[in-house]
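Here is a short, friendly tour of the model shown below. Keep the structure open as you read, and follow each group of points in turn.

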Amino acid sequence: MTSNIDSPTGNAQLTSLSPYLGSRAFAMRFTSTPRGARLARRLVAVRLDEWGVPYGTEAHDGVVLVAAELATNAVRHGRVPGRDFHLSLRVTEAPRPVARVEVSDTRAERVPHRPEEAELGDGGRGLLLVAGLAQRWGWHPRPGAPGKTVWAECALA
């Protein structure tokens with residue numbers, strides 16, 4: 001970026017494209033608190049809108065709800081004091097438009113299980129929502145670090 005001193009507004013002018021402008025991937029660490037989960041949800045919503053999945057559409061709302069549930073589960077069930085959780089969002093176009101949400105936490109001994117409606121008590125509906133909204137979901141041990149990664153893939157079309 002260079003400044004254009006001849007510009008009447010004095011604003012900087014973009015002279016070359018950044019390699020990150022076309023990227024449809026977002027990743028960030030968040031504090032393992034309700035505030036961190038809320039921020040993760042909001043940033044997923046903003047990114048999807050920036051990438052052409054507008055607010056208020058079924059695809060947008062579904063992916064945001066899945067991200068919110070996975071982030072909340074990381075805070076509620078995967079929290080280790082002093083450790084953050086990591087969220088990544090990736091949108092791919094081929095062979096079909098899909099959003100993949102991954103949330104990693106450092107609690108390896110508490111792994112998610114497939115929810116059964118008969119097992120539900122006062123809670124436990126988050127993964128049932130994820131299973132209903134996502135085309136696929138699952139978990140795997142966190143690569144290169146202690147913990148696990150829970151992921152979900154949602155169709156965008």
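Glu-102 is buried, because its relative accessible area of 18% falls under the 20% cut-off. Please bear in mind that this is a predicted model. Even so, Glu-102 has a charged partner: its side chain meets that of Arg-90 in a salt bridge, 3.8 Å from N to O.

**Around Glu-102**

- The pair links distant parts of the chain, with Arg-90 in strand β4 and Glu-102 in strand β5, 12 residues apart.
- Arg-90 itself is partly exposed, at a relative accessible area of 36%.
- Which residues belong to the network that contains this pair? Salt bridges with shared partners join Arg-90, Arg-100, Glu-102, Arg-136 and Glu-153 into one network.
- On the neighbouring strand β7, the residue opposite Glu-102 is Trp-151.

**The sheet**

- Glu-102 belongs to β5, a strand that covers residues 98-105 and is joined by eight bridges to β7, residues 148-155.
- These two strands run antiparallel, and they are part of an open sheet of five strands in the order β3-β4-β5-β7-β6, with antiparallel pairing.
- At the edges are β3 (25-30) and β6 (136-141), each of which pairs on one side only.
- On average, neighbouring strands of the sheet are turned by 15° against each other, direction ignored.
- As general background, strands of a sheet pair through backbone hydrogen bonds, either parallel or antiparallel.

**Helix α2 and the core**

- Helix α2 (residues 58-77) lies across β4 (85-92), β5 and β7, and runs at about 10° to β5.
- From its first C-alpha to its last, this 20-residue helix reaches 28 Å, close to the 28 Å expected at 1.5 Å a residue.
- Is α2 largely enclosed or largely open? It is largely enclosed by the rest of the structure, because 14 of its 20 residues are buried.
- The largest nonpolar core holds 33 residues, and those with the most contacts inside it are Val-63, Leu-70, Phe-85, Leu-87 and Leu-89.
- Two or more core residues come from each of β3, α1 (34-50), α2, β4, β5, α3 (126-133) and β7.
- Of these, α2 gives the most to the core, with nine residues.
- Leu-70 is a good residue to click on: beyond its neighbours within four places in sequence, Leu-70 is in contact with Val-101, Val-103, Leu-127, Val-130, Val-150, Trp-151 and Ala-152.
- Trp-151 thus turns up twice, in contact with Leu-70 and opposite Glu-102.

**Other salt bridges**

- How many salt bridges does a search of the whole structure find? The search finds nine.
- One of them pairs Arg-29 with Asp-84, whose closest N and O atoms are 3.8 Å apart.
- This pair also links distant parts of the chain: Arg-29 sits in strand β3 and Asp-84 in the loop between α2 and β4, 55 residues apart.
- Arg-29 is exposed, with a relative accessible area of 60%, while Asp-84 counts as partly exposed at 31%.
- Another salt bridge joins Arg-47 to Glu-50, with the closest N and O atoms 3.9 Å apart.
- Both of these residues lie in helix α1, three residues apart, about one turn of the helix.
- An α-helix has 3.6 residues a turn, so residues three or four places apart point the same way.
- Arg-47 is partly exposed, with a relative accessible area of 30%, and Glu-50 is exposed at 53%.

Definitions and conventions. Residues are numbered from 1 along each chain as its sequence is written. This is a predicted model: local features need pLDDT of at least 70, side-chain atom pairs count only at pLDDT 80 or more; totals for chains, interfaces and linings use all residues. Side-chain values use heavy atoms; hydrogens and water are left out. Two strands pair if DSSP finds at least two bridges between them. Helices (H or I, at least four residues) and strands (E, at least two) are DSSP runs, numbered from the N terminus. Axes are lines fitted to C-alpha atoms, for helices over the stretch in contact, and angles run from 0 to 180 degrees between N-to-C directions. Contact means heavy atoms within 4.5 Å. A nonpolar core is a set of buried Ala, Val, Leu, Ile, Met, Phe, Trp, Tyr and Cys residues joined through side-chain atoms within 4.5 Å. Buried means under 20% relative accessible area, exposed over 50%, partly exposed in between (1.4 Å probe, protein chains only). The expected span of a helix is 1.5 Å times one less than its number of residues. A salt bridge is a side-chain nitrogen of Lys or Arg within 4 Å of a carboxyl oxygen of Asp or Glu.
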